[in-house]
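The exercises below concern charged side chains and backbone geometry. Each task is followed by a solution that goes step by step.

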Amino acid sequence: TRPRNRLIAFKDFVNDKGAPYDDNGHGTFVAGIAAGNGYASQGKYKGIAPQANVIGVKVMDARGDGSTSDIVAGMQWVVDNAAKYNIKVMSLSLGATPSASAQRDALSSAVDGVWRRGILVVAAAGNDGPKLNTINTPGINPRIITVGASDDKRTVSIRDDGIADFSSRGPGPGRINKPDLVAPGVKIKSLNTDTSYNAEGRAKQPYPLYSTMSGTSMATPIVSGLGALLWEKNGRSSPDTIKESLTQNAVSLRKKALAQGKGLVRVGTLFAPH
């Protein structure tokens with residue numbers, strides 16, 4: 001929100017509040033990975049697309065739980081308001097055990113419709129690895145981008161990078177190839193949340209501005225931020241062409257495809273001058 005407010009819209013399907021708030025903290029954390037500008041750290045902890053606008057759609061409660069009906073309603077709201085707010089990317093750091101095939105599962109079917117309306121959908125693979133067949137829905141949908149978590153071992157070189165044990169493995173139902181790719185998801189630092197904050201005032205006690213989390217939830221907004229940058233690079237792109245760019249430019253970590261998909265998302269080649 002500083003130096004200018006980029007949180008341009010907020011819709012609450014849980015408590016029906018009008019002003020933005022986050023009583024859990026997960027949503028603010030992942031939004032910071034995608035679009036934080038590092039204001040409170042003088043640019044040290046900056047997100048992937050630090051000038052992107054953010055639309056918050058609250059579909060999870062203070063415990064991090066949510067209903068399928070609220071999530072689907074949130075997706076419909078995104079589609080209905082896409083033109084109004086120029087929504088190009090929907091980032092879903094959430095998931096559940098699939099209830100049916102990719103075609104019949106409610107969340108998978110819903111994201112399929114969002115994608116067909118021209119919005120890039122990026123979803124977490126889930127944190128149920130390293131067992132196979134553990135991809136969460138809506139990440140089971142073959143059309144969208146499903147992101148697993150890599151572990152960079154705190155080094156610059158990718159030679160020692162691996163796949164986080166917790167990162168869900170494919171295939172999806174019907175032996176769909178998932179995940180599509182991986183991004184860093186271990187010990188990621190991003191925005192902390194004063195969960196007692198609301199529009200009427202802040203908590204009396206100060207709180208840390210940044211925290212650290214791990215999960216495919218953290219890997220997902222890295223890819224979402226890159227999707228936003230690719231839309232900015234070429235406004236005539238489509239979700240399909242952006243997915244193709246991201247997967248074709250990934251670098252293999254020499255792991256099985258059921259763990260890494262096409263490999264680790266790579267930034268440099270996506271934006272190198274031609």
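The exercises that follow treat salt bridges, a surface patch and backbone geometry in this predicted model.

**Exercise 1. Determine where Lys243 lies, whether Lys243 is buried or exposed, and which residue meets its side chain in a salt bridge.**

Step 1. Lys243 belongs to helix 6, which covers residues 239-248.

Step 2. The relative accessibility of Lys243 is 15%; buried means under 20%, so Lys243 counts as buried.

Step 3. Neighbours within four places in sequence are set aside; Lys243 is then in contact with Trp115, Pro142, Arg143, Ile144, Ile145 and Asp180.

Step 4. Among these contacts is Asp180. The side chains of Lys243 and Asp180 form a salt bridge, with an N to O distance of 3.6 Å. This pair links distant parts of the chain, 63 residues apart: Lys243 is in helix 6, and Asp180 is in the loop between strand 6 and strand 7 (181-184).

Step 5. Asp180 has a relative accessible area of 9% and is therefore buried.

**Exercise 2. Describe the salt bridge of Arg143 with Asp112, and classify the accessibility of each partner.**

Step 1. The closest N and O atoms of Arg143 and Asp112 are 3.0 Å apart. A salt bridge requires a distance within 4 Å, so the pair qualifies.

Step 2. The partners come from distant parts of the chain, 31 residues apart: Arg143 is in the loop between strand 4 (120-124) and strand 5, whereas Asp112 is in helix 4 (residues 106-116).

Step 3. Arg143 has 28% relative accessibility and so counts as partly exposed. Asp112, at 15%, counts as buried.

**Exercise 3. State how many salt bridges the structure holds, and identify which residues are joined with Arg63 into one network.**

Step 1. Eight salt bridges are present in the structure.

Step 2. One of them pairs Arg63 with Asp65, whose closest N and O atoms are 3.3 Å apart.

Step 3. At 66% relative accessibility Arg63 counts as exposed, while Asp65, at 41%, counts as partly exposed.

Step 4. Asp61, Arg63 and Asp65 form one network through salt bridges that share partners.

**Exercise 4. Identify which residues gather in a patch of positive charge on the surface, and place Arg159 in the chain.**

Step 1. The patch of positive charge brings together Lys153, Arg159, Arg254 and Lys255.

Step 2. Arg159 is located in the loop between strand 5 (145-151) and strand 6 (162-163).

Step 3. The relative accessibility of Arg159 is 74%; the limit for exposed is over 50%, so Arg159 counts as exposed.

**Exercise 5. Locate the cis peptide bonds at Pro138 and Pro171, and describe the positive phi values of Asn86 and Asn133.**

Step 1. As a reference, most peptide bonds are trans, and most residues other than glycine have a negative phi.

Step 2. Thr137 and Pro138 are joined by a cis peptide bond with omega of about 15 degrees. Pro138 is in the loop between strand 4 and strand 5.

Step 3. A cis peptide bond also joins Gly170 and Pro171, with omega of about -5 degrees. Pro171 is in the loop between strand 6 and strand 7.

Step 4. Asn86 has a positive phi, near 55 degrees, and lies in the loop between helix 3 (82-85) and strand 3 (89-92). With a relative accessible area of 53%, Asn86 is exposed.

Step 5. Asn133 has a positive phi of about 60 degrees and is placed in the loop between strand 4 and strand 5. Asn133 counts as exposed, at 53% relative accessibility.

Key:
Residues numbered from 1 in each chain as written. Predicted model: local features only at pLDDT ≥ 70, side-chain atom pairs only at ≥ 80, totals over all residues. Heavy atoms only, no water. Patch = residues over 30% accessible without salt bridge, like charges linked within 9 Å, V, L, I, M, F, W, Y side chains within 5 Å. Areas by Shrake-Rupley, 256 points an atom, 1.4 Å probe, with all protein chains shown as cover. Lys, Arg positive; Asp, Glu negative; His and termini not counted. Charge placed at Lys NZ, Arg CZ, Asp CG, Glu CD. Helix = DSSP H or I, 4+ residues; strand = E, 2+ residues; numbered from the N terminus. Buried < 20%, exposed > 50% of the residue type's maximum accessible area, 1.4 Å probe, protein only. Contact = heavy atoms within 4.5 Å.
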